[in-house]
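Let's take a walk through this model together, from its fold to its pockets and then to its charged pairs. Please keep the viewer open as you read.

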Amino acid sequence: RVNITRIMLVSKSSSLESVDRAALKDYVVRHTREHPALLALRQVTQKHKKATMMVSPEESRLFGQLVRILNAKKCIEIGTFTGYNAMSVALALPDDGKVIACDISEEFTSIGKPYWIQAGVENKIDLRIQAATKTLDDLIEGGESGTFDFVFIDADKGNYPTYYEKSVELLRSGGMIAIDNVLWGGDVLNPAKNDPETVALRSIADRVYQDKRVDSSFLPISDGVQLAIKR
């Protein structure tokens, strides 16, 4: 018996392989809505020498929509860079919502601040310039465990397991954690790649998958996103 579904999948896969990936990426971005201030900040950030650290517009748009679906008011972003994604999340929050943006660089985050003001969300972004572990510990010690709706992890990969554990503690039941770069350009599949970052990313993928405290899913968007909803 001929497996029609398999033939269709192979056909579609073969077709995608022949597509110009850059053109396909451009097509996706052109069909991703951006607030004018977001677009302006993205254009500025793309000229930065560390531009690859920026969250892709389609991924950031997804997070904004997830925040709306969750009816979120309290969010955490671990790794802010120029603040593109922090602004996207802030735009999705209600007037009394807040995103705590964790970063260690005044230089990078200062790039985004004028655009936060332009978008009218500067009062929704609580920027904390210090080690993210310190900010997370401060929140836990301040009695905020179990009160956050959404956490985005996109900082130093070696600390992902620590960030994850503290985020689960801070998250409410039904809240969501999004973990970025879990495909790591495909290096997670390369047995010859055993640097600390790649090892940490493999470890967190396994940990989240096996964690009975959450329900997880794995999306191949951008450089890979793992989602975990706290039970």
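A good place to start is a right-handed β-α-β unit, built from β2, helix α6 (residues 106-119) and β3. Keep in mind as you look around that this is a predicted model. The two strands of the unit, β2 (residues 98-103) and β3 (residues 125-129), run parallel and are joined by five bridges. To find your bearings along this pairing, pick out I100, which stands opposite D126 in β3.

From here we can move on to the open spaces. The general idea is that rolling a probe the size of a water molecule over the atoms shows where empty space is left. The largest pocket found in this model has a volume of about 880 Å³. Its lining counts 41 residues, and those closest to the centre of the pocket are T52, M53, M54, D154 and K157.

Which helices and strands each supply at least two residues of that lining? They are α2 (21-30), α4 (57-69), α5 (84-92), α7 (132-141) and β2, the last of these being a strand you have already met. The largest share, three residues, comes from α2. In chemical character, the lining of the largest pocket divides into 15 nonpolar, 14 polar and 12 charged residues.

Helix α2 also leads us to the second largest pocket, where it supplies the largest share of the lining, five residues. This pocket has a volume of about 310 Å³. Its lining is made of R21, A22, L24, K25 and V28, together with E58, P220, I221 and S222. Sorted by class, these are five nonpolar residues, one polar residue and three charged ones.

Now for the charged pairs: the structure holds 15 salt bridges. Let's stay with helix α2 for one of them, where the side chains of D26 and R30 meet with N and O 2.9 Å apart. Both residues lie in this helix, four residues apart, or about one turn. Is each partner buried or exposed? D26 has a relative accessible area of 40%, so it is partly exposed. R30 reaches 54%, above the 50% cut-off, and therefore counts as exposed.

Helix α7 offers a salt bridge as well, between the side chains of K134 and D138, with an N to O distance of 2.9 Å. These two residues are separated by about one helical turn because they lie four residues apart in α7. K134 is partly exposed, at a relative accessible area of 42%, and D138 is partly exposed too, at 29%.

For a salt bridge outside the helices, turn to D215 and R231, whose closest N and O atoms are 2.8 Å apart. This pair links distant parts of the chain, with D215 in strand β6 (residues 214-219) and R231 in the segment after β7 (225-230), 16 residues apart. D215 counts as partly exposed, since its relative accessibility is 42%. R231 counts as exposed, with a relative accessibility of 53%.

One last stop takes us from pairs to a group. Which residues are joined into one network by salt bridges that share partners? They are E165, R207, D211 and R213.

Definitions and conventions. Residues numbered from 1 in each chain as written. Predicted model: local features only at pLDDT ≥ 70, side-chain atom pairs only at ≥ 80, totals over all residues. Heavy atoms only, no water. Pairing = 2+ DSSP bridges. Right-handed = clockwise from strand over helix to strand, strands pointing away. 1 Å grid on protein atoms, 1.4 Å probe; cavity = no way out; pocket = protein on both sides within 12 Å on 5 of 7 lines; lining within 4 Å. Points joined across faces, edges and corners; volume = space filled by probe spheres on them. Nonpolar A, V, L, I, M, F, W, Y, C, P; charged D, E, K, R; others polar. Salt bridge = Lys/Arg side-chain N within 4 Å of Asp/Glu carboxyl O. Buried < 20%, exposed > 50% of the residue type's maximum accessible area, 1.4 Å probe, protein only.
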